[in-house]
Structure formats: structure tokens, C-alpha cells
Amino acid sequence: MSFAELSSFGLAVAGERRGEIDATWAQGPGAHGGLVAAILARAVQADAPRDQSLVTLTVSFCAPSTPGPAIVRTEIVRTGRNVSTLRASLERDGVTLSTALATVARRRPSTLAFDTLAMPTVPPPEEVPDGPEEHYVPAFTRAFAFRQCLGPVPFSGGSEARVGGWCRIEEDGVPIDAPLACALLDAWPPAAVARSPGWCPVASIEIGYHFFAPLPHPSEDARPWLFYEAYARHVSSGLADETAVLWSRDGHPLATARQLIAIFPPSERPERRPDRPREAV
């Protein structure tokens, strides 16, 4: 299935869309959180006023989004001339799996404008080797390409909680829009685990996205490279607070995400990390 098919539920009927959570995008018992966020982002954007686009999306992961049929319910909380608020939930059999609150706004000229989110100076993606292999576990991550050039390798016991590098979806013609940004901003291993001396399970609890640029962002490439950087500044009590930024190849900041991540010690989850080398795409 294409990324658009994976993240699109059917036409809305009374604020309700029906679809399928694909098993190939599982991360543990539930689907990849970035895919769940992409599904909710696409639904609320479809119901938003035509001249307003996503500027924020906050997703709470209430329960594992296990594979199978599911429903997205959307609700317009308030419609304004410049800013509107929508609510969405992913449900199955009356159980809420994830919920989201979205803000959409009309982009307009501003006399005050500046940008201090400078993309790090790094080699172009063609000069950065693929990998490391730790980025290609679990299986759904092979839908993407990762070329890390900042920070320690995940689970290597490094000295800083930072990860950064080039990434893209390995499918031609996918627009650089809000659903793709949602997926890529959650596709990398958490920055915190760069300081872990060994593999440990992790799970997203909540993620809040801010979309800076009007999306979709133009690109002439069939599979454009984007740059990602994330860091964790506070980790305690099994929780990591993490911030990530996604830039276009030409250095324009597209979106940021702040995420709360649960980190489990290996003793709490007996299964080991599978050795799953990347397949050729």
C-alpha cells in the first residue's frame, strides 16, 4: 500500500471515517505512532476550512493501535475566520486508541517575521552512508531511508542524547505534507536511547507537532531528502522529554515535535531486540 492509502480512511459520513490499521506498520503490539498521527492529521485537514491549514496537532496515544478495522471520528470544535479548532479520535469497538486536538489557521503576511532555527552544517545526503542498521528495526522503518550524521548510534551508551541526519520515504511522489512530517518526526529512534548502553523498549505517550511552513512544501525530487535533528534534555522516572525539528533540504524549517516517551528497562520487557538487517528497497 502507498503511504497515502495507509494514512487515509474513507470518506466522512457524519464525522466518521472507516479504514484499516496495517499490520506491516506494527511497532510492538500497536502501529507506529507517526502513522497514527498521519491518519489523524489527514482527517482533520480534510474537515478544516479550505483556506486554513494545520499549524498544530497534539496526539495522545491512549492504547496500542493494533492491526485491523478502525474508525476516525472528527469534530469541529470552533470555526473562525483566521483560526479553527478540531478534535479527532481513532477508535475500535467503542475504545479510544488515540485522540488529537488540532489547530488550523489561514496563513497571511506578517510584518514581524524571523527564523533562528538554523539547520546544522552537515554533508549532503549523497556523502553520508546509509544507516546505521539500528534505524531499520522494526520492519516498517524500511519504508524510510536514514543517514545519520549527528549524535551517537542508538543504544550505544553515547555521551549525548542527540540524533540527527537525512531521511526520506522510499516511495516516489509522496508530497512533503503534514501527514509525512508526522511520520518522519516519529520514525527515528528516540534521542534519549543514544545514551543507553543496550537495547530497551520505548513507547510514545504524547506528541505535539507545530507546522511552520505552508504544506505541502514544493520539491522537484521524486523522493526528496529532509533533515532531522532531535535531542532529549530531561530523562527520569522512565520518561523522556524530547524535541525534534524537520527541515527541507534547502534549510527551511518545516515542522517541530515535542514528545513524551516511556522508556522501559529490559527487565520489564523480556523480549530482545530482533536482529533484522535492512532489505534492499
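Helices and strands here are DSSP runs, numbered from the N terminus. With that settled, here are some exercises on this predicted model.

**Exercise 1. Place the two cis prolines.**

Task: find which peptide bonds ahead of Pro 132 and Pro 138 are cis, and where these prolines sit.

Solution:
- Start with Pro 132, which lies in the loop between β7 (95-105) and β8 (144-150).
- Check the bond leading into Pro 132: Gly 131 and Pro 132 are joined by a cis peptide bond, with omega at about 10°.
- Move along to Pro 138, which is placed in the loop between β7 and β8.
- The bond from Val 137 to Pro 138 is cis too, and its omega is near 5°.

**Exercise 2. Sort two residues with positive phi.**

Task: decide whether Asp 93 is buried or exposed, then do likewise for Phe 155.

Solution:
- Asp 93 is not a glycine, yet its phi is positive, near 50°.
- Look for Asp 93 in the loop between β6 (83-92) and β7.
- The cut-off for exposed is over 50% relative accessible area.
- Asp 93 has 74% relative accessibility, so it counts as exposed.
- Now take Phe 155, another non-glycine residue with a positive phi, near 65°.
- Phe 155 belongs to the loop between β8 and β9.
- Buried means under 20%.
- Phe 155 has a relative accessible area of 16%, so it is buried.

**Exercise 3. Get a feel for the overall fold.**

Task: work out why the radius of gyration of the protein chain agrees with that of a compact globule.

Solution:
- Count the elements: the protein chain has three helices and 13 strands.
- Picture the box: along the principal axes, the C-alpha atoms fill roughly 50 × 50 × 40 Å.
- A compact globule of 281 residues would have a radius of gyration near 19 Å, and the protein chain has 18 Å, so the two agree.
- Add burial: 49% of the 281 residues count as buried.
- Finish with the contacts: taking those between residues at least 6 apart in sequence, 69% join residues at least 24 apart.

**Exercise 4. Explore the nonpolar cores.**

Task: say which helix gives the largest share of the largest nonpolar core, and what Tyr 228 touches.

Solution:
- The largest nonpolar core has 69 residues, and the ones touching the most other members are Phe 3, Leu 57, Leu 90, Phe 144, Tyr 209, Phe 211 and Tyr 228.
- Helix α2 (residues 33-47) supplies the largest share of this core, with nine residues.
- Apart from this core lies another one of nine residues, including Ala 161, Ala 192, Ala 240 and Ile 263.
- Zoom in on Tyr 228 and skip its neighbours within four places in sequence: its contacts include Val 163, Cys 167, Leu 184, Trp 188, Glu 242 and Leu 246.
- As background, nonpolar side chains tend to be buried together in soluble globular proteins.

**Exercise 5. Line the cavity.**

Task: find which element gives the most to the lining of the largest cavity.

Solution:
- A search of the whole structure turns up one cavity of 30 Å³ or more.
- The largest cavity has a volume of about 50 Å³.
- Its lining includes Cys 167, Arg 168, Ile 169, Leu 180, Leu 184 and Arg 223.
- Two elements, β9 (162-169) and α3 (178-184), each bring at least two residues to this lining.
- β9 gives the most, with three residues.
- By character, the lining of the largest cavity has eight nonpolar residues, no polar ones and two charged ones.

**Exercise 6. Follow Pro 175.**

Task: describe where Pro 175 sits and what it touches.

Solution:
- Pro 175 is in the loop between β9 and α3.
- Its relative accessibility is 40%, so Pro 175 counts as partly exposed.
- Leaving out residues up to four places away in sequence, Pro 175 touches Leu 180 and Pro 216.
- For a distance, try Glu 206: it is 31 residues from Pro 175 along the chain, and their C-alpha atoms are 25 Å apart.

**Exercise 7. Look into a pocket.**

Task: state how many residues line the second largest pocket and how they divide by character.

Solution:
- The second largest pocket has a volume of about 470 Å³.
- It is lined by 16 residues, and the closest to its centre are Arg 107, Arg 108, Ser 110, Leu 112 and Phe 212.
- The lining of the second largest pocket divides into eleven nonpolar, one polar and four charged residues.

Definitions and conventions. Residues numbered from 1 in each chain as written. Predicted model: local features only at pLDDT ≥ 70, side-chain atom pairs only at ≥ 80, totals over all residues. Heavy atoms only, no water. Core = buried A, V, L, I, M, F, W, Y, C linked by side-chain atoms within 4.5 Å. Buried < 20%, exposed > 50% of the residue type's maximum accessible area, 1.4 Å probe, protein only. Helix = DSSP H or I, 4+ residues; strand = E, 2+ residues; numbered from the N terminus. Contact = heavy atoms within 4.5 Å. 1 Å grid on protein atoms, 1.4 Å probe; cavity = no way out; pocket = protein on both sides within 12 Å on 5 of 7 lines; lining within 4 Å. Points joined across faces, edges and corners; volume = space filled by probe spheres on them. Nonpolar A, V, L, I, M, F, W, Y, C, P; charged D, E, K, R; others polar. Rg over C-alpha atoms; globule rule 2.2 N^0.38 Å.
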